[in-house]
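Colleague: I am new to this structure and would like to understand the reasons behind the words used for it. Could you take me through them step by step?

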Amino acid sequence: MTYPVADTRVTYAAGAAEASALVLHVEDLSDGRRAVLLDTTCAHPVDAGWPDQGADQAVLRTETGDIALLDCIVGATDGIGLHLGREIPVPKGAAGWAFVAAHIVAAGAPIAEGDAVRVVVDPGVRARTSAGHTACHLASLALNLAVEDRWKKQPRPDALGRPDFDGTAIDVSLIGENTSTDAYRLGKSLRKKGFVTEGLDEALPLLAETINTTLADWVATDAAVRIDRDGDALTDRRYWVCELPGTSARIPCGGTHVSRLGELGRVRVTLELHDVDGTSVLTMVTTVG
Ligand SMILES: [Zn+2]
């Protein structure tokens, strides 16, 4: 039983939904399911550190039929064992470790080391998830713009040079099909950084309207979107780049995206403020279409 010595090569960032691959390793997990490691994949794996975009829906097409992917998770191996998701004991890119996409299939699935397979991703789910992810980035930039006059101190700038409320306050981001949900903690540490929360509740309807107007303006430009990448290895850094008029927004991102804003059609947000264990949490739900 040998483990891969290099990161999985990934092609989803370039938009691929099909890939021919070689099975490098098959391992039975403690829950009975099997983890399949390939030399290359187009299936987006969920990341344990920042699990915003989930696993692609896909099959591994073999000579004997299709094997459904139950999950796809980022894992890591040091050549001795395979660690998945939160069980990875080292930071991404650690020397001596290969970071891999672990394709999780059912117990006893007929697949073995050395098999040639074709990874086939559901293109509809991928397209709708990509739309949700692009809309998520746009909405976060529009939100930063809408609340920029609420800062008493200058926080770090966002991809458009505005105060980065999203990057400073984000707690959880979840991408879905044609949707995303972002939760922001408006607690003591954010106020210490200079963000004014007074009167935010009453301002929400106007803020949402402002964000929706910005989003409509941006979508109307049909700006090009692309992923810049340092390489095709799973741990290579990747960036979402959107060529908005007069400025180019660049955000670190390991997900999948549409290639033009015009593909999104209508993008709208709703904002809600809730109290969670004594801390105010702002939730922004972004919807495409
Ligand atoms: Zn992203």
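Modeller: In this predicted model, 3 strands form an open sheet in the order β13-β14-β15, and their pairing is antiparallel.

Colleague: What makes β13 and β15 the edge strands?

Modeller: Each of the two, β13 (225-229) and β15 (249-252), pairs on one side only. From one strand to the next, the twist averages 25°.

Colleague: How do you know that β13 and β14 count as paired?

Modeller: Two strands pair if DSSP finds at least two bridges between them, and 5 bridges join β13 to β14 (residues 238-242), so the pair meets that requirement. Within this antiparallel pair, Asp 228 stands opposite Tyr 239 in β14.

Colleague: Why is Thr 2 called partly exposed?

Modeller: Its relative accessibility is 49%, and because partly exposed covers the range between under 20% for buried and over 50% for exposed, Thr 2 falls into that class. Thr 2 lies in the segment before β1 (9-10), and, leaving aside residues up to four places away in sequence, it touches Leu 24, His 25 and Glu 113.

Colleague: How do you know that Cys 72 is in no disulfide?

Modeller: A disulfide needs two cysteine sulfur atoms within 2.5 Å, whereas the nearest cysteine sulfur to that of Cys 72, belonging to Cys 42, is 9.4 Å away, so Cys 72 is in no disulfide. The count for the model comes to 0 disulfides.

Colleague: Why are Cys 72 and Cys 253 called buried?

Modeller: Buried means under 20% relative accessible area; Cys 72 has 0% and is therefore buried, and Cys 253, with 8%, is therefore buried as well.

How values were computed: Residues numbered from 1 in each chain as written. Predicted model: local features only at pLDDT ≥ 70, side-chain atom pairs only at ≥ 80, totals over all residues. Heavy atoms only, no water. Helix = DSSP H or I, 4+ residues; strand = E, 2+ residues; numbered from the N terminus. Buried < 20%, exposed > 50% of the residue type's maximum accessible area, 1.4 Å probe, protein only. Contact = heavy atoms within 4.5 Å. Axes fitted to C-alpha atoms, helices over the stretch in contact; angles between N-to-C directions.
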